[in-house]
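Here are a few short exercises to work through with the structure open. Try each one before you read its solution.

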Amino acid sequence: MRRGRALGRTAVTAAVALGIGLSAVPAQAQAQQHRERPPAPGIENCTATACHFDLPPGTYDVRVTLGGDLASSTAIGGETRRALLPETAAAAGERVVRSFTVNVRTPEGEPLGTEGTPGLDLTVGGTAPALAGIRVTPARHARQILLVGDSTVCDQPGDPYSGWGQRLPQYLRKGLSVANYADSGESTVSYLGNPLLWDTVRPLIRRGDLVLIQLAHNDKTTDGATYRAGLETLVAGVRERGGEPVLVTPVVRRWFNADGTLNNNTALLVNGLGVDHPAVIRSVAADRDVPLIDLTARTKALVESLGVEGSKALYLSNEKRDNTHTSVHGATVYADLVREELLNLGLVPRGKVRVG
């Protein structure tokens, strides 16, 4: 009887030992895999004013820790002069954590522009910048806002120019990214006709993505039927991919009448053929049941309220005698109008948007 018990104890001990031995292999493998997995890129990739991460094209979540021993105020930009995080204050000794999602691609700015530098480039700015930590990881479930537009929307490569699409990302939180495929000089006709533009953007649209479409400034010789057909083609193409199109009327040009109102033709984008671009956009939006951001109406009201002198700061009136293209300040103000309309229309959750 004792011998049987001893044999039983021996068998149990052996089984346990064998079980430990069998389970030890995957545990060791997991530990080895953990050791071999590269850590998320961090602060070692940064200087006091910039960070560079050798990453392939894609969408990435960025988590920054801001603050230092002294009071600080830090803003984060990236790629081709995109505003990614608005200036954020931290008291002396305080640490503030913020997160955002960024689109990395080649070319990194305008689709027909220069390629830019590979990977993700960030800039650390603000009135008293202090970056204490940073972590970059692939975004798993990010929703895209793709932008189709012209020079008033695009990622402008150099000062003093800026497009509203370039300033929009700073108003969005982690999980919502902006992929700005606006390009200078494009009309509805040229955007649809160039394979590096619409034929490139359309396959990138995923189910649930928003596609904001603002094309009008360069449709100076486009007749009404062709202009309308182009908008309808863009809308249909977005929907075929499972995305949600959003039509955006163009920002006004700063051309005043003697009475302080904006000129009905040049300022409000009625072309030489008599095509009222904002009116056509509104009509297509109504007929095709497409959400509409009436940026013409919003910018007209703002520019007229500021008046001839006050509205100059929104445009490059003083710097370039340019009353079409916006300054960084103007692009930021207009991006904020777009942010408001995205919320008003229920196109993005409030929790994904920075209020201020």
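**Exercise 1.** Are α7 and α9 oblique or roughly parallel to each other?

*Solution.* Keep in mind that this is a predicted model. Start with the two helices: α7 covers residues 295-310 and α9 covers residues 328-344. Next, take their axes, which come within 11 Å and cross at roughly 130°. Now check the cut-offs: over 145 degrees would be roughly antiparallel, and 65 to 115 roughly perpendicular. The angle falls in neither range, so α7 and α9 are oblique to each other. As for handedness, α7 passes α9 in a right-handed crossing.

**Exercise 2.** Work out which residues of α7 and α9 meet, and sort them by class.

*Solution.* On the α7 side, pick out L295, R298, T299, L302 and V303. Their partners in α9 are V333, Y334, L337, V338, E340 and E341. Sorting this contact by class gives seven nonpolar, one polar and three charged residues.

**Exercise 3.** Find S305 and decide whether it is buried or exposed.

*Solution.* First, locate S305: it sits in helix α7. Then look at its relative accessibility, which is 57%; the cut-off for exposed is over 50%, so S305 counts as exposed. Its side chain reaches the backbone oxygen of L302 at 2.6 Å. Finally, try T261: S305 and T261 are 44 residues apart in sequence, with their C-alpha atoms 9.2 Å apart in space.

**Exercise 4.** What share of the chain's 356 residues is buried?

*Solution.* Buried residues make up 49% of them. For the wider setting, the chain has nine helices and 14 strands.

Definitions and conventions
Residues are numbered from 1 along each chain as its sequence is written. This is a predicted model: local features need pLDDT of at least 70, side-chain atom pairs count only at pLDDT 80 or more; totals for chains, interfaces and linings use all residues. Side-chain values use heavy atoms; hydrogens and water are left out. Axes are lines fitted to C-alpha atoms, for helices over the stretch in contact, and angles run from 0 to 180 degrees between N-to-C directions. Helices (H or I, at least four residues) and strands (E, at least two) are DSSP runs, numbered from the N terminus. Angles under 35 degrees count as roughly parallel, over 145 as roughly antiparallel, 65 to 115 as roughly perpendicular and the rest as oblique. A crossing is left-handed if the near helix is turned anticlockwise from the far one by less than a right angle, and right-handed if clockwise. Contact means heavy atoms within 4.5 Å. Ala, Val, Leu, Ile, Met, Phe, Trp, Tyr, Cys and Pro count as nonpolar, Asp, Glu, Lys and Arg as charged, and the others, Gly among them, as polar. Buried means under 20% relative accessible area, exposed over 50%, partly exposed in between (1.4 Å probe, protein chains only). A polar contact is a pair of N or O atoms within 3.5 Å; within protein, one must be able to donate a hydrogen and the other to accept it, and residues adjacent in sequence count only if both atoms are side-chain atoms.
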